[in-house]
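Please open the structure in your viewer and keep the selection panel at hand. The tour below moves from one selection to the next and says what to look for at each stop.

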Amino acid sequence: MILTVTLNTALDITYRVRSLRPHTSHRVSEVLERPGGKGLNVARVLAALGHPVTATGFVGGATGQVVRERLADTPGVRDALVPVSGPTRRTVAIVDPLSGDTTQLNEPGPLITPAEWSAFQGTYGELLRGAAAVALCGSLPPGVPVGAYALLVRTARAAGVPVLLDTSGEPLRRGVAARPDVVKPNAAELAELTGSHEPLKATQDARRRGAQSVVASLGPQGLIATTPEGRWRVAPPRRVHGNPTGAGDSAVAGLLSGFVEHLPWPARLARAAALSAATVLTPVAGEFDRSVYEELRDQVSVTEESSAA
Ligand SMILES: O=P(O)(O)OC[C@@]1(O)O[C@H](CO)[C@@H](O)[C@@H]1O
């Protein structure tokens with residue numbers, strides 16, 4: 001099975017609102033609720049691709065109960081979330097149905113006590129025993145040490161389980177130094193990590209900092225990857241319009257599923273880019289339009305960069 005870690009799970013709330021403007025009031029035309037936080041989105045996409053998944057992280061309070069109930073309705077995802085006393089957060093994505101413009105409001109999450117963090121580490125160690133790969137995704141809730149991902153990367157490596165990291169800021173910086181197999185930053189996270197706004201150079205820099213492979217998601221431009229086997233630019237055949245929330249999480253699911261299926265890097269990257277674009281076409285994160293995914297997967301362009309670049 002593939003293990004996903006979402007330390008800051010969420011109930012994702014998506015509001016459809018036409019022409020959002022500050023200082024005015026709006027009517028919400030549609031409300032959608034889904035289990036969220038990046039790792040739960042990855043888990044849902046992996047399960048839809050037919051991969052058995054175990055989802056761990058923290059969950060608490062009435063909101064956490066809703067997250068668990070929704071997860072129980074997702075075939076293929078085993079719930080191994082660790083209960084905590086604080087309430088799971090909500091995130092709100094406000095999506096304009098015409099333009100696809102999205103405004104995201106993310107609550108900070110519950111305060112995690114040292115005892116809860118230590119209980120999680122015990123569960124994580126046990127779950128790693130049956131894992132083919134692990135994804136560590138999203139922000140850290142308050143109370144979890146900033147070096148948490150570095151520790152979880154080291155634990156996975158010691159257990160011989162390949163590990164992918166998708167986070168931001170200082171947790172990413174420290175996590176990268178712990179030598180994960182793959183990091184998947186977006187353009188802003190990569191620039192913040194490396195100080196470089198040139199994505200190809202920045203992915204190389206992130207490798208020098210410790211990551212073995214770096215796959216950056218560049219929004220509508222697709223992906224750029226620097227790995228020990230080569231460097232590739234990956235672009236979908238056309239631009240898709242919709243809600244981009246969760247597009248990066250679907251890319252992570254594509255990379256991980258391709259890894260456990262032993263696909264070569266170019267096929268893994270094509271799958272990741274196609275899933276990412278097919279997610280933009282759905283109203284919520286953690287889901288994708290299957291027919292668009294299958295159509296795009298064969299049309300994605302994967303171009304190898306020369307090693308002298
Ligand atoms: O606060 P984080 O953990 O960085 O991000 C949380 C979040 O905004 O990311 C997902 C999209 O990637 C949403 O579904 C989700 O709730």
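Are Phe58 and Phe120 buried or exposed? In this predicted model, Phe58 is buried, and Phe120 is buried as well.

Select these two side chains together: their ring centres lie 5.4 Å apart with the planes at 55°, so the pair is tilted. Because Phe58 belongs to strand β4 (residues 53-59) and Phe120 to helix α3 (residues 114-128), the pair ties together parts that are 62 residues apart in sequence. Now add Trp117, whose ring has its centre 5.9 Å from that of Phe120, with the planes at 10°, so this pair is stacked. Trp117 and Phe120 are three residues apart in helix α3, separated by about one helical turn, and both are buried. With Tyr124 also selected, you have one aromatic cluster, formed by Phe58, Trp117, Phe120 and Tyr124.

Next, show the whole of α3. Its 15 residues, at 1.5 Å a residue, should span 21 Å, and the C-alpha atoms at its ends are 21 Å apart, which agrees. Colour its buried residues, which are Glu116, Trp117, Phe120, Tyr124, Leu127 and Leu128; viewed down the helix axis, they fall within an arc of 105°, so they line one face of the helix. Pro114, Ala115 and Glu126, on the other side of α3, are exposed. To see what covers the buried residues, display elements including β1 (2-6), β4, β9 (133-137) and α4 (148-158).

The tour then turns to charged side chains. Of the 13 salt bridges that the structure holds, begin with Arg44 and Glu287, whose closest N and O atoms are 2.9 Å apart. This pair links distant parts of the chain, since Arg44 lies in helix α1 (residues 38-48) and Glu287 in the loop between α9 (265-280) and α10 (290-297), 243 residues apart. Arg44 is buried, with a relative accessible area of 7%, whereas Glu287, at 26%, is partly exposed. Adding Arg34 completes a network in which salt bridges that share partners join Arg34, Arg44 and Glu287.

Move on to Lys184 and Asp166, which meet in a salt bridge at 3.9 Å, N to O, and which are both buried.

Finally, select Trp265 and Arg268: the charged end of Arg268 sits over the ring of Trp265, 4.4 Å from its centre. A comparable selection is Tyr293 with Arg297, where the charged end of Arg297 sits over the ring of Tyr293, 5.0 Å from its centre.

Methods
Residues are numbered from 1 along each chain as its sequence is written. This is a predicted model: local features need pLDDT of at least 70, side-chain atom pairs count only at pLDDT 80 or more; totals for chains, interfaces and linings use all residues. Side-chain values use heavy atoms; hydrogens and water are left out. Rings of Phe, Tyr and Trp (its six-membered ring) pair if their centres lie within 6.5 Å; planes under 30 degrees apart count as stacked, over 60 as edge-to-face and the rest as tilted. Helices (H or I, at least four residues) and strands (E, at least two) are DSSP runs, numbered from the N terminus. Buried means under 20% relative accessible area, exposed over 50%, partly exposed in between (1.4 Å probe, protein chains only). A charge sits over a ring if NZ of Lys or CZ of Arg is within 6 Å of the ring centre and within 35 degrees of the ring normal. The expected span of a helix is 1.5 Å times one less than its number of residues. The arc is that of the directions from the helix axis to the C-beta atoms. Contact means heavy atoms within 4.5 Å. A salt bridge is a side-chain nitrogen of Lys or Arg within 4 Å of a carboxyl oxygen of Asp or Glu.
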